[in-house]
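Trainee: Got a minute to go through a model with me? I'd like to poke at a few spots and see what turns up.

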Amino acid sequence: MQGWLGKRNVEDKLYYKDGYLKEAEAKVAEVRDNGVILDRTVFYPEGGGQPGDRGSFGDFIIADTVKDEEGNSLHIIEGAKPPVGYSNTLRLDWEHRLFYMKEHSAQHLVSALLFRHGIGTVAVHQGERFFTIETDKSDIGNDVLLCAEDEANQAIRENHRIFQREMTHEEAEALGMRRSIKVSGRVKVVFIDDLDAVACGGVHLRSTGEIGEIQYCGSEKIRGHVRTIWKCSSLSVAYRRENKAIVDAVSASLSAEPEMIVSALDRLKEELGSLRHDLKAAEKAVAKLEIKTHMNKEQTVVFLSSVESASFLDAFDENDGITAFIVDGEGRFMFHGTKDCFDVLKDKFQLRGGGRGMLYRGSVQGDINTVLRGVGSLLNG
Ligand SMILES: [Zn+2]
């Protein structure tokens, strides 16, 4: 693989040396189907989990920046593109860039601290809502991750310098970095004082203090690895506030202090379970009563019930000799009887559904009352 710089001169990639350059004068060197290559740029192309930059070039809107096959920044412009030789001011969407510089720098810091706990970083992603670090572990204790969170916020308070040095491959190798170098030739090594050193072509903050805060938000399993989820800066603050608002709302709704929410919910769950049990027993009693009311001397029951048809499931015994067809207001039927009898009804009245043994369920097609009368006269001979 070629070096971070691609085939072009380092002077052209202004972002590479200074991540805080917000604008520059540039000229179109090449026009492609989806964008332009410029003679110099402050736009970082997507890479290493860090999204590409967006902004403007004169009146042209740059929607994204990606790396072309030669490592150049391809500035994506939809619609008409400026011609070769066109020059104007290139301006970053600085808010967008700064947000991702914060996430990216926060990821460096967290990966470095996890490494001190013996946890390696396999893959990273920086997103609009959070950033993730996929680790090389299949299991990590919550205490370790919370400890890394504490250490990250400590490093933010200590406001460590983040800086970069260009060096030869051999010099970089000699640093014994936590991650192997993925490029050949000269490399850019990014340091967080003596906390971290890693080869990276991305754009970074100048100090950890600018991250503001970091919050561990949870983990998930991916490819057998623990992937950890983090928020930093304004996203972390917003997350904290949202969570507090949720706790306050639940606390008010339950009339319970926040620390009593869990036990209050446990109590409610218990009560709900007991009520459900009582309701089921009551429904069964109603069903038995309805069946008794509607049963003729041939032990046949056919009627439209105000109770949901499924409630009758428990009201029959397997061999009680009762043949029943019960429909509820939603057109759902329940049939208790032999399979042969059900098959006849199903064909004749276009019933949808099935079952086994003595119980069949499904839905009635067409008018419920017409089907009910038809089934009634058929079963009652
Ligand atoms: Zn980086």
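Trainee: Where does Q299 sit?

Mentor: Q299 is in the loop between helix 6 (261–294) and strand 15 (300–305). Keep in mind that this is a predicted model.

Trainee: Okay. What is the phi of Q299 like, positive or negative?

Mentor: Positive, about 60°, although Q299 is not a glycine. Most residues other than glycine have a negative phi.

Trainee: And is Q299 buried or exposed?

Mentor: Exposed, because Q299 has 12 other C-beta atoms within 10 Å, and a residue counts as exposed at 12 or fewer.

Trainee: What about Q350, what's its phi?

Mentor: Near 45°, so to speak on the positive side, and Q350 is a residue other than glycine.

Trainee: Where do I find Q350?

Mentor: Look in the loop between helix 7 (339–349) and strand 18 (352–356). Q350 counts as exposed, with 11 C-beta neighbours inside 10 Å.

Trainee: Switching topic. How is the chain divided into domains?

Mentor: There's domain 1 (10–92), domain 2 (98–251) and domain 3 (287–379).

Trainee: What distance separates the centres of domain 2 and domain 3?

Mentor: Taken over C-alpha atoms, those centres are 63 Å apart.

Trainee: Now the helices. At what angle do the axes of helix 2 and helix 3 cross?

Mentor: Roughly 130°, with the axes of helix 2 (residues 94–116) and helix 3 (residues 142–157) coming within 9 Å. Helix 2 and helix 3 are therefore oblique to each other. The crossing is right-handed.

Trainee: Which residues meet there?

Mentor: From helix 2 you have L109, V110, L113 and L114, and they meet A148, E151, A152 and A155 from helix 3. By class, that contact has 7 nonpolar, no polar and 1 charged residues.

Trainee: Let me jump to A197. Which strand is A197 found in?

Mentor: Strand 12, residues 196–199.

Trainee: Buried or exposed, and why?

Mentor: A197 counts as buried because it has 21 C-beta neighbours inside 10 Å, and the cut-off for buried is 20 or more.

Trainee: Which residues is A197 in contact with, leaving aside neighbours within four places in sequence?

Mentor: L175, M177, V189 and F191. As for A172, A197 is 25 residues from it in sequence and 9.1 Å from it in space, C-alpha to C-alpha.

Trainee: V189 caught my eye. How many residues apart in sequence are E69 and V189?

Mentor: They're 120 residues apart in sequence and 23 Å apart in space, C-alpha to C-alpha. E69 is in the loop between strand 5 (64–67) and strand 6 (73–76). With 8 C-beta neighbours inside 10 Å, E69 counts as exposed.

Trainee: And G185, where does that lie?

Mentor: In the loop between helix 4 (169–174) and strand 11 (187–192). G185 counts as exposed, with 11 C-beta neighbours inside 10 Å. The C-alpha atoms of G185 and T168 are separated by 6.5 Å, and the two are 17 residues apart along the chain.

Trainee: One last spot: where does G381 lie?

Mentor: G381 is in the segment after helix 8 (368–379). It is exposed, with 6 other C-beta atoms within 10 Å. From G381 to P45 you have 336 residues in sequence and 80 Å in space, C-alpha to C-alpha.

Methods
Residues are numbered from 1 along each chain as its sequence is written. This is a predicted model: local features need pLDDT of at least 70, side-chain atom pairs count only at pLDDT 80 or more; totals for chains, interfaces and linings use all residues. Helices (H or I, at least four residues) and strands (E, at least two) are DSSP runs, numbered from the N terminus. Domain bounds come from an automatic or database domain assignment. Axes are lines fitted to C-alpha atoms, for helices over the stretch in contact, and angles run from 0 to 180 degrees between N-to-C directions. Angles under 35 degrees count as roughly parallel, over 145 as roughly antiparallel, 65 to 115 as roughly perpendicular and the rest as oblique. A crossing is left-handed if the near helix is turned anticlockwise from the far one by less than a right angle, and right-handed if clockwise. Two residues are in contact if their C-beta atoms, placed from the backbone, lie within 7 Å. Ala, Val, Leu, Ile, Met, Phe, Trp, Tyr, Cys and Pro count as nonpolar, Asp, Glu, Lys and Arg as charged, and the others, Gly among them, as polar.
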